[in-house]
Amino acid sequence: MPLSGDLLRLADAVLFPGFAGHTPPDWLRRRLGEGLAGVALFSRNIADPAQVARLTAALRAENPSVLVGTDEESGEVTRLEAATGSSRPGGYALGVVDDVALTEALARDLGGDLAAAGITLDFAPSADVNSNPDNPVIGLRAFGADPALVSRHTRAFVRGLQSAGVAACAKHFPGHGDTSVDSHHGVPVVADDGIEDALLPFREAIKEGVKAVMTGHLLVPSYDAELPATLSPKVLTGLLREELGFEGMIITDGIEMAAVSGAYGIGGASARAIAAGADAICVGGERADEATAAGIRDAIATAVTQGLLPEERLADAARRVRELASWAASSGSQASRDGSVGLAAARRAIRITRRSTAPVLPLTSAASVVELAPQMNLAIDRSTPWGVGEPLARLLPGTVVTRLAVGASTGSALEHLLGEATGRPLVIVVRDVHRHAWQEQALRHLLSARPDAVVVEMGLPERSDLGAVHIATYGSARVCGQAAAEVLTGRL
């Protein structure tokens, strides 16, 4: 049975596909002209702010009400600054400072940059309570491990972002913090005894008037023992809509992720998500082609004809998307932008533990820097620069920087680096060292030979008793590396 044009247009009205390139492809222009709801931009679509502004203008030429969304959390997960590293630290650093006025100001500043580029929906903040330090996908993206702290900074971020005319989107409902599985690859399970803590920041975001909520592909047995949240009517309709009273737009996390697409396929998962209570489907982080976007549209329309998805539910979803688009079109404002707020926040987040009475800092001569680089999860663009070596080399010319990945930190390689560092200060940079045995082994090897070394942790600092001086940045954004380099040289 052929699908009607009206039904296909209604299915398109809930889709946010990704695409390749710095300009809209012909298929996307055509679909926008036919009523496609929005698009999701990734770092592959972004060269610089001027190019993004041209891109979003081209999208609006086809559909003036199109919603343009992106993952711009600041810190590790950045799209606008993927090529340079973020000029703002991420959530965890803001939680360490715990100044809600600073968080609001930083989010307003970020919103100003997004609005100037034509982006109207930011898939941020992460409202997750990172209560599991072994969490492989949230970590520094959260404001912290305390539900009350996360709640107040989630509200501040929402206020700041939306004051700039950009819709905030709290994620990953109902909370991805207390998990040890990455939902890109499997289905994380949220423990029953932690669900109320996990929900608190979302309750507070709703009170603050957050315009959108993104689902997490999480199994929450206390609400639904069978279906992950994205596909669960009990979680999306029963919990989020009815119990928490959220009236805004619910959008899925990337629907191609294995936690939901593995059992039903991308199209099947999309239809089930809308039936469960989601209003919009985000896709394109890993599948950004025309066939994927067309397949999802057709699967949603087919689900209506087969009775899996009531047409009234699909129409309601499209209405909520339109309402958000109307808000975005009417709420634009010229937010004052402060290019210094990010570095100021990164400086305030630095924590220093001195374990030696010797005058280790400040460094006054060219150093040897060893950066131990773990593989990051898919939410973080792997080409985004990070580290302390580059900014330190600007302050101390002649500084030598070596970066080692897993498999390269052999005993012989480390001994060679130790030999080259003879007579020089040694700085060892790690990232979530507690989660990576190879980093722990390499760090132990280096410190056994050089107990005078300085350790800079750019992830979560589970230990601060490493090195003669331990510096925790609570982030690996560009400004976090700069702040650490300033500490090392006595400028901060």
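This short presentation covers a mixed sheet, a buried helix and two cavities in one structure. Please bear in mind throughout that the model is predicted.

I begin with the sheet. Six strands make up an open sheet, and their order is 9-14-13-12-10-11. The pairing within this sheet is mixed. At its edges stand strand 9 and strand 11, the latter spanning residues 400-405. Each of these has a single partner strand, so one side of each is left without a neighbour in the sheet. From one strand to the next, the twist averages 15°.

Consider next the edge formed by strand 9. Strand 9 and strand 14 run antiparallel and are joined by four bridges. Within strand 14, the residue opposite I352 is I471.

A helix also packs on this sheet, namely helix 15, residues 437-449. Helix 15 touches strand 10 (368-373), strand 11, strand 12 and strand 13. Its direction makes about 160° with that of strand 10.

I turn now to helix 16. Why may we call helix 16 largely enclosed by the rest of the structure? The helix comprises eleven residues, 478-488, and nine of the eleven are buried, so the surrounding structure largely encloses it. Buried here means under 20% relative accessible area. The buried residues are V479, C480, G481, A483, A484, A485, E486, V487 and L488.

What covers them? The cover includes two helices, helix 12 (341-349) and helix 13 (389-395). It also includes strand 9 (351-354), strand 12 (426-430), strand 13 (454-457) and strand 14 (469-472). Those four strands also belong to the open sheet just described. Just after helix 16, G490 takes a positive phi of about 80°.

Finally, the cavities. How many cavities of 30 Å³ or more does the structure hold? There are two. The largest has a volume of about 110 Å³. Its lining consists of 15 residues, with I138, G139, L140, M376 and D432 nearest the centre. By class, that lining contains six nonpolar, four polar and five charged residues.

The second largest cavity holds about 70 Å³ of space. It is lined by 13 residues, and those closest to its centre are E73, S74, G90, G91 and R141. Its lining divides into five nonpolar, five polar and three charged residues.

To close, I would draw attention again to helix 16, with nine of its eleven residues buried, and to strand 9, which stands at an edge of the sheet and is also among the elements that cover the buried residues of that helix.

Notes: Residues are numbered from 1 along each chain as its sequence is written. This is a predicted model: local features need pLDDT of at least 70, side-chain atom pairs count only at pLDDT 80 or more; totals for chains, interfaces and linings use all residues. Side-chain values use heavy atoms; hydrogens and water are left out. Buried means under 20% relative accessible area, exposed over 50%, partly exposed in between (1.4 Å probe, protein chains only). Contact means heavy atoms within 4.5 Å. On a 1 Å grid over the protein atoms alone, a cavity is a set of points where a 1.4 Å probe fits but cannot get out, and a pocket is an open set with protein on both sides within 12 Å along at least five of seven lines; lining residues have an atom within 4 Å of a point. Grid points are joined across faces, edges and corners, and a volume is the space filled by probe spheres set on the points. Ala, Val, Leu, Ile, Met, Phe, Trp, Tyr, Cys and Pro count as nonpolar, Asp, Glu, Lys and Arg as charged, and the others, Gly among them, as polar. Two strands pair if DSSP finds at least two bridges between them. Axes are lines fitted to C-alpha atoms, for helices over the stretch in contact, and angles run from 0 to 180 degrees between N-to-C directions.
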